[in-house]
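User: Please take a close look at one part of this model, the largest pocket, and then work outward to the features that help to place it in the chain. I would like one connected account, with the cut-offs stated where the terms are used.

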Amino acid sequence: MEAKPVVTRIAPSPTGHLHIGTARTALINYLYARHHGGTFIVRSEDTDRARSTKEFETEILAGLEWLGLEADQFYRQSDRTSIYKNHLEALIENGTAYVSREPSKQDPAVEVEVVRLKNQNKIITFTDLVRGDISFDTTELGDFVIARSLTDPLYHFTVVVDDFLSEVTHVIRGEDHISNTPRQILIQEAIGAQRPDYVHLPLILAPDRSKLSKRHGAVALREYQNEGFLPEAVVNYLALLGWSAGGAQEVFSLTELTKLFTLDHIQKGGAVFDIEKFKWFNREHIRRMSDAELIDAVRDFVPVEYRGTDADTNAVIARLIPLIRERTYTLKEVADGISDGEYSFAFAEPDYDTSLLKWKKDPDVSLALPRLKRAMELISLLPEMPTADEVRSALWDYAESEGRGEVLWPLRVALSGRAQSADPFTLIAVLGREKAKQRITVACAKIEG
RNA sequence: GGCCCUAUCGUCUAGAGGCUAGGACGCGGCCCUCUCACGGCCGAAACCGGGGUUCAAUUCCCCGUAGGGUCACCA
């Protein structure tokens, strides 16, 4: 039997920001379609005209694109009213649906006409590819409403019509849709649509194991974007929430995930969203980016007041790259570090108390003075923009003979103004020879009073 | 509450009848070291409970228990 080409879809409703759970569902649909050489459709479910906005639609589409989940096809339900109308009319004509006059739910004083599906009141059993057979007695559903009017169809109806017309083969969605499935199957049978395969993904949970919501922090992809998470890391982490690649490897690119993805390792139970592990993935992907990519990504996070020309800013970032790779989990941390933290030394003159220059084993700060002066002489011999290794070889023998802490501590403080920072060799490599000498001079002056 | 789904370290997971139950994040210790960070090594940490089936159950079945989802003229 020849299998039909795989068609999957993500069907976001433009009534809010792109939710992290929607992003994950989109990713899984994308991976499954791409893995099988199939088609991935994005469908905007904007039948609720009161709540849907163009702005949300734009944001959602931009979010999916940012993640790299490009669609083969895009359409919106508000453009297809006549299609739904035709199907509704056909159902009414053959008696599987009917128009009912009844009091409005919003305003019981008003009488409205709605379209209801004639329920066969039977047991529906469908197969979920990861959970097995699931049965529902649809009697309790009654003759449910499928449209407010011929031109105002409701979610369950539009979903079924669109999936049918788009020849969707696999409906992959959140677990919260399990209970929607029987009523959608009822509609499928009414319009004569073939039943797709179903896959219900475990939900993404908050740390308290309840449904992830704003109450628990960020749920919009946008917020993680602003925090400085890379799309590669989002994709990687989200893929591994509720699914595993099987082996020990955890860091993957979208391309690798596409190759590896199968339904086999989809988890059945909900998965708690762990921001710590997410950050770890982000750092791993920061480390894997090329210098040029990382500079581009970081530049947007440099606070405006610290930006020079693009070329200047790029040059500073370029020298900061090793530090960023070593100690940054999110790009927002770079922004914070520049404003007031471990990266501020590169953008502003340090401000510190003279006593900080005193090495812990010294009785008095004045002992730092000759060491700083000697270090400065050695630094003067360096090229204008030395590498950290060059600085190290220039200073190492002296530091060894005098005592590393005795030399390196005050030097590091003079350059960074902080008790905790990267080593002085790296600092000088970032600042350059002249800037370093100037700061050491300032430190000496402070000691001399 | 009805219906439905689920259940391995704190978290994400590997395991698919017989393993000292493995890995990762986080956590603790040690090492490296001028401080921080990185890195390396080591460590603590789990099969929800009870019945079956079986020579043997974390693994298969049933019942509890717990958690979650869903009950719209939203999607």
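Analyst: In sorting lining residues by character, Ala, Val, Leu, Ile, Met, Phe, Trp, Tyr, Cys and Pro count as nonpolar, Asp, Glu, Lys and Arg as charged, and the others, Gly among them, as polar. The model is predicted, so local features need pLDDT of at least 70 and side-chain atom pairs count only at pLDDT 80 or more, whereas totals for chains, interfaces and linings use all residues. Residues are numbered from 1 along each chain as its sequence is written, chains are lettered from A and ligands numbered from 1 in the order in which they are written, and side-chain values use heavy atoms, with hydrogens and water left out.

The largest pocket holds about 1,200 Å³ of space. A pocket is found on a 1 Å grid over the protein atoms alone, as an open set of points with protein on both sides within 12 Å along at least five of seven lines, while a cavity is a set of points where a 1.4 Å probe fits but cannot get out, and lining residues have an atom within 4 Å of a point. Grid points are joined across faces, edges and corners, and the volume is the space filled by probe spheres set on the points. The lining of this pocket has 44 residues, of which Ala11, Ser13, Thr22, Asp176 and His177 are the closest to the centre. Two or more lining residues come from each of strand 1 (7-10), helix 1 (20-35), strand 8 (145-149), strand 9 (152-153), helix 4 (155-165) and strand 10 (170-174), where helices (H or I, at least four residues) and strands (E, at least two) are DSSP runs numbered from the N terminus. Helix 1 gives the largest share, five residues. By character, the lining divides into 18 nonpolar, 14 polar and twelve charged residues.

Two of the elements that line the pocket, strand 1 and helix 4, are also joined by a salt bridge. Arg9 pairs with Asp163, the closest N and O atoms being 2.8 Å apart, and because Asp163 lies in helix 4 and Arg9 in strand 1, the pair ties together parts that are 154 residues apart in sequence. Here a salt bridge is a side-chain nitrogen of Lys or Arg within 4 Å of a carboxyl oxygen of Asp or Glu. Both Asp163 and Arg9 are buried, a word that means under 20% relative accessible area, with exposed being over 50% and partly exposed in between (1.4 Å probe, protein chains only). This pair belongs to a network of salt bridges that links Arg9, Arg43, Glu45, Arg80, Asp162 and Asp163.

Arg43 leads on to an enclosed space. The model has one cavity of 30 Å³ or more, with a volume of about 40 Å³, and its lining consists of Pro12, Ser13, Pro14, Val42, Arg43, Ser44, Glu57, Ile60, Leu61 and Phe74. Strand 2 (39-44) and helix 2 are the elements that give two or more residues to this lining, which divides into six nonpolar, two polar and two charged residues. Ser13 therefore appears in both linings, being one of the residues closest to the centre of the pocket and also a residue that lines the cavity.

Helix 2 (residues 54-67) also carries Glu59, which is buried at a relative accessible area of 13%. Leaving aside residues up to four places away in sequence, Glu59 touches His17, Leu18 and Arg222, contact meaning heavy atoms within 4.5 Å.

After His177, one of the residues closest to the pocket centre, helix 5 (residues 181-191) is mostly covered, with nine of its eleven residues buried. Among these buried residues are Thr181, Pro182, Gln184, Ile185 and Leu186. Gly192, just after helix 5, takes a positive phi of about 80°.

For contrast, one salt bridge may be set beside the Arg9 pair. Lys373 pairs with Glu448, their closest N and O atoms being 2.8 Å apart, and this pair links helix 13, which holds Lys373, to helix 17, which holds Glu448, across 75 residues. Lys373 is partly exposed, with a relative accessible area of 37%, whereas Arg9 and Asp163 are buried.
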